[in-house]
Amino acid sequence: MVLQFPGVRRSKEEMPAAFGVVNFRTGFVRDPSSPSNYSALVLNADYRPLSYFPLSLWTWREAIKAVYLDRVDVIYEYDRLIRSPSISLRAPSVVALRNYVRPLEATAFTRFNLFLRDEFTCQYCGSRGDLTFDHVVPRSLGGKTEWNNVVAACSTCNLRKGAKTVTEAKMALMRKPRRPTGEELRNVGRRFPPNHLHETWLDFLYWDTELES
Ligand SMILES: [Zn+2]
């Protein structure tokens, strides 16, 4: 038996106007490196990806489940059928939530978000390898572990700076650290796409970025 999804949307003109807030899991597929795992790009109800970094992707099982729970519309499908002894179906390659999920504005102070704010770059020398964290005002001088006082730093710079202030160490920060907004983090995240991007995802990933250049 081949399952067909009713009302597969083929054009962006048919955007749903449903707004509201639903509980939503955010444990996305981190590495869609193999096209054979049939990941589905998850869009918000406004047809923008729910998350850029990590890119919001579901496994095909999660996507199918959401379809049957009526939580998403299928925008595109993979051409190939997934076959099992009892069933064969086309996995969705792009789905859109029926209810709009408001993006988080509060940005959690996590290692990952801090690296993301600093674009995975040492804030002293600009290198991208071997990153760790540095307290701008050292902890021994009362420096707190918070957005305004912690930056990504390579281990060389971290060692060189040690328990000194930036001035004492004769170093300079590329920019003053502060708490990023959710929007700022999402914009940085868009520049770090995963290795594999299915062709049907491209319309939804970069159609709004060209305007900026
Ligand atoms: Zn460095």
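Strands S6 (residues 131-135) and S7 run antiparallel and are joined by 5 bridges. In this pairing, His135 stands opposite Val150 of S7. The model is predicted.

Strand S7 spans residues 150-154, and 5 of its 5 residues are buried. Both of its faces are covered. Val150, Ala152 and Cys154 lie on one side. Val151 and Ala153 lie on the other.

**The chain as a whole**

The protein chain holds 5 helices and 7 strands. Their order along the sequence is β-β-β-α-β-β-α-β-β-α-α-α. The chain has 213 residues, and buried residues make up 24% of them. Contacts can also be sorted by separation in sequence. Among those between residues at least 6 apart, 66% join residues at least 24 apart.

**Two nonpolar cores**

Which residues have the most contacts inside the largest nonpolar core? They are Ala40, Leu41, Val42, Leu43, Val94 and Val95, in a core of 27 residues. S2, S3, H1, S4 and S5 each supply at least two residues of this core. S5 gives the largest share, 5 residues. Another core lies apart from this one. It has 9 residues, among them Leu131, Ala153, Cys154 and Cys157. In soluble globular proteins, nonpolar side chains tend to be buried together.

Leu41 shows what one residue of the largest core touches. Leaving aside neighbours within four places in sequence, Leu41 is in contact with Pro49, Ser56, Leu57, Ser93, Val94, Trp201 and Phe204.

**Helix H1**

Helix H1 covers residues 60-68, and its buried residues are Ala63, Ile64 and Ala66. Why are these three on the same side of H1? They cover an arc of only 160° around the axis, which puts them on the same side. An α-helix has 3.6 residues a turn, so residues three or four places apart point the same way.

What do the buried residues of H1 pack against? Their partners are strand S2 (40-43), strand S3 (57-58), strand S4 (72-83) and strand S5 (88-97). The face of H1 turned away from the buried side carries the exposed residues Arg61 and Tyr68. After H1 comes Asp70, with a positive phi near 65°.

**Positive phi in two loops**

Tyr47 and Lys170 each sit in a loop and have a positive phi. Tyr47 is in the loop between S2 and S3, and its phi is near 70°. Lys170 is in the loop between helix H3 (155-161) and helix H4 (182-189), and its phi is near 55°. Neither Tyr47 nor Lys170 is a glycine.

Are these residues buried or exposed? Tyr47 counts as partly exposed because it has 18 C-beta neighbours inside 10 Å. Lys170 counts as exposed because it has 9 C-beta neighbours inside 10 Å.

| Residue | Phi | C-beta neighbours inside 10 Å | Class |
|---|---|---|---|
| Tyr47 | near 70° | 18 neighbours | partly exposed |
| Lys170 | near 55° | 9 neighbours | exposed |

**Summary**

The picture has two parts. In one, H1 packs its buried residues against S2, S3, S4 and S5, and these elements each supply at least two residues of the largest core, as does H1. In the other, S7 pairs with S6 and has both faces covered.

Definitions and conventions
Residues are numbered from 1 along each chain as its sequence is written. This is a predicted model: local features need pLDDT of at least 70, side-chain atom pairs count only at pLDDT 80 or more; totals for chains, interfaces and linings use all residues. A residue is buried if 20 or more other C-beta atoms lie within 10 Å of its own, exposed if 12 or fewer, and partly exposed in between; C-beta atoms are placed from the backbone. Helices (H or I, at least four residues) and strands (E, at least two) are DSSP runs, numbered from the N terminus. The arc is that of the directions from the helix axis to the C-beta atoms. Two residues are in contact if their C-beta atoms, placed from the backbone, lie within 7 Å. A nonpolar core is a set of buried Ala, Val, Leu, Ile, Met, Phe, Trp, Tyr and Cys residues joined through C-beta atoms within 7 Å. Two strands pair if DSSP finds at least two bridges between them.
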